[in-house]
Amino acid sequence: MRLSVFEGHFCFRERLVVSILFKKGIKIKKIRFNSYYQGIRNFEIQLISLIDKIIPGSIFKINENGTTLKFYPGNFLREKVIHQVGKFRSLSYYLEFILYISHLRPEGIEIKLSGLRSSTFDVSLESILYVTIPLQRKLGGRDTRVKIFSNSFSSTRNTELVLICPKISSQEAFQILEPGILKKLRIIFSHSSVTIPPRELTSRFLEKNPLLSEVDLSFFNFKIPNKNFKFHSITLIGETSTGCIFGNDFSTYKKNLDSVYWKNILNQTFLSFFEDLKTGGCVDNRNQIFLWLKILNRKKQTSRLRIGKLTLSSILFFRDVKKLTGIVFKIHSSTDRKSLILKIC
């Protein structure tokens with residue numbers, strides 16, 4: 001079998017997903033070839049192990065130093081899978097991957113994961129729950145749900161979750177073209193200790209922002225006690241007048257956080273959040289790949305999506321898709337020239 005060849009570790013998950021979606025083998029070479037520690041990392045091995053459980057019959061071939069991977073995807077997804085992941089990446093890293101491929105089993109899947117709740121490298125679990133999952137429901141997986149259980153003693157597997165994706169109700173084309181204006185904003189603090197940004201500090205920060213004067217604000221505080229693992233996350237979830245949902249977040253492991261540190265976190269998180277809003281798109285930067293995969297799954301129909309600007313991950317994803325399948329995404333400016341509209345041509 002002739003393999004499409006890619007280089008480097010960037011878009012590692014996405015390349016595997018496209019390979020699974022189109023049932024075509026791939027070869028990824030020179031994985032961290034120029035790094036001091038070359039080759040595939042432990043968390044990527046754990047992802048491969050998860051794929052092996054979900055898609056039996058898949059074949060992985062890795063060379064001795066881990067810099068080359070050959071992947072031949074299996075033909076079907078198991079209905080139920082239980083998997084444990086280590087401390088190198090959070091559950092969100094693996095949960096995103098499962099959501100990428102969940103539609104490939106029309107009868108539905110149920111997957112139980114246990115691992116680390118939060119990581120500075122990944123989106124927060126709250127972003128997945130309140131942004132990506134609603135997108136999944138909007139695009140045919142309306143009965144998708146997640147159950148979460150906390151472990152107060154473990155430092156590496158402090159959270160268990162069960163993802164239930166019943167039968168996909170619709171695979172029809174979709175049109176998401178009207179961004180609307182921000183109407184609701186939820187601010188979610190998740191933490192393992194009492195050190196959270198003072199309510200007064202957050203309120204003062206919000207009062208200075210004129211963009212929020214007519215926005216319905218809500219605060220949520222989730223304490224997840226754990227003596228062996230300390231974390232703090234802040235997640236912003238915004239909903240517009242047309243039902244578009246945007247999110248941004250920040251996570252840290254640092255202890256003894258003072259008001260100056262929290263002020264910097266709030267500035268950084270809100271700045272990124274409003275940058276997404278100002279671009280005039282209907283989806284935030286972190287969920288672009290998720291939407292591109294949904295469009296690819298409906299490739300025989302014309303789905304259209306309005307975005308503000310393409311991320312580097314999206315550009316590389318388009319190149320990889322074209323190389324593997326020949327499919328090209330068509331991009332053109334909206335009438336106001338402030339955003340982009342994409343579809344498959």
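In this predicted model, helix α1, covering residues 12-22, packs against helix α8, residues 312-325, at an angle of about 35 degrees. The axes of α1 and α8 lie 10 Å apart, and α1 passes α8 in a right-handed crossing. From α1, the contact draws on E14, R15, V18, S19 and F22; from α8, the residues involved are F317, D320, V321, L324 and T325. Sorted by class, this contact of α1 with α8 comprises five nonpolar, two polar and three charged residues.

Helix α1 deserves a closer look on its own account. It is mostly covered, with 11 of its 11 residues buried. The buried set takes in F12, L16, V17, I20 and L21, among others, and it also includes the charged residues R13, E14 and R15. Of the residues just named, E14 and R15 also take part in the contact with α8. Both flanks of α1 carry an unusual backbone setting, described next.

On the N-terminal side, C11 sits in the loop between β1 (4-7) and α1. C11 has a positive phi of about 60 degrees, although it is not a glycine. This cysteine is buried, at a relative accessible area of 8%. Just after α1, K23 likewise takes a positive phi, here of about 55 degrees. A further case is R32, found in the loop that connects β2 (26-29) with α2 (42-54). The phi of R32 is near 50 degrees, again a positive value in a residue other than glycine. With a relative accessibility of 10%, R32 counts as buried.

Turning to the cysteines, the structure holds zero disulfides. C282 offers a helpful example: its sulfur is 4.0 Å from the closest cysteine sulfur, which belongs to C244. A disulfide requires the two sulfur atoms to be within 2.5 Å, so the separation of 4.0 Å between C282 and C244 is too far for a bond. C282 is itself buried, with a relative accessible area of 4%.

Four strands form an open sheet with mixed pairing, in the order β9-β14-β16-β15. The edges are held by β9 (175-176) and β15 (329-333), each of which pairs on one side only. Helix α7, residues 288-297, packs on this sheet and touches β9, β14, β15 and β16 (340-344). The direction of α7 makes about 165 degrees with that of β14. Within the sheet, β9 pairs with β14 (residues 304-307) in the parallel sense, over two bridges. In this pairing, I176 stands opposite L305 of β14.

An antiparallel arrangement is seen for strands β3 (residues 59-62) and β4 (residues 69-72), which are joined by four bridges. Here K61 stands opposite K70 in β4, placing two lysines across from one another. The hairpin of β3 and β4 has six residues between its strands. In that hairpin, G66 takes a positive phi near 75 degrees.

Two individual residues round out the picture, H83 in a strand and P106 in a loop. H83 lies in β5, residues 80-84, and is buried, with a relative accessible area of 4%. Leaving aside neighbours within four places in sequence, H83 is in contact with Q46, S49, L50 and K53, and also with K112, L113 and S114. The first group, Q46, S49, L50 and K53, falls within the range of α2 (42-54), while K112, L113 and S114 fall within that of β6 (109-115).

P106 is found in the loop between α3 (91-101) and β6. Unlike the buried H83, P106 is partly exposed, with a relative accessible area of 45%. Beyond its neighbours within four places in sequence, P106 is in contact with K167 and I168. P106 and F6 are 100 residues apart in sequence, and their C-alpha atoms are 30 Å apart in space.

Notes. Residues are numbered from 1 along each chain as its sequence is written. This is a predicted model: local features need pLDDT of at least 70, side-chain atom pairs count only at pLDDT 80 or more; totals for chains, interfaces and linings use all residues. Side-chain values use heavy atoms; hydrogens and water are left out. Two strands pair if DSSP finds at least two bridges between them. Contact means heavy atoms within 4.5 Å. Axes are lines fitted to C-alpha atoms, for helices over the stretch in contact, and angles run from 0 to 180 degrees between N-to-C directions. Buried means under 20% relative accessible area, exposed over 50%, partly exposed in between (1.4 Å probe, protein chains only). A crossing is left-handed if the near helix is turned anticlockwise from the far one by less than a right angle, and right-handed if clockwise.
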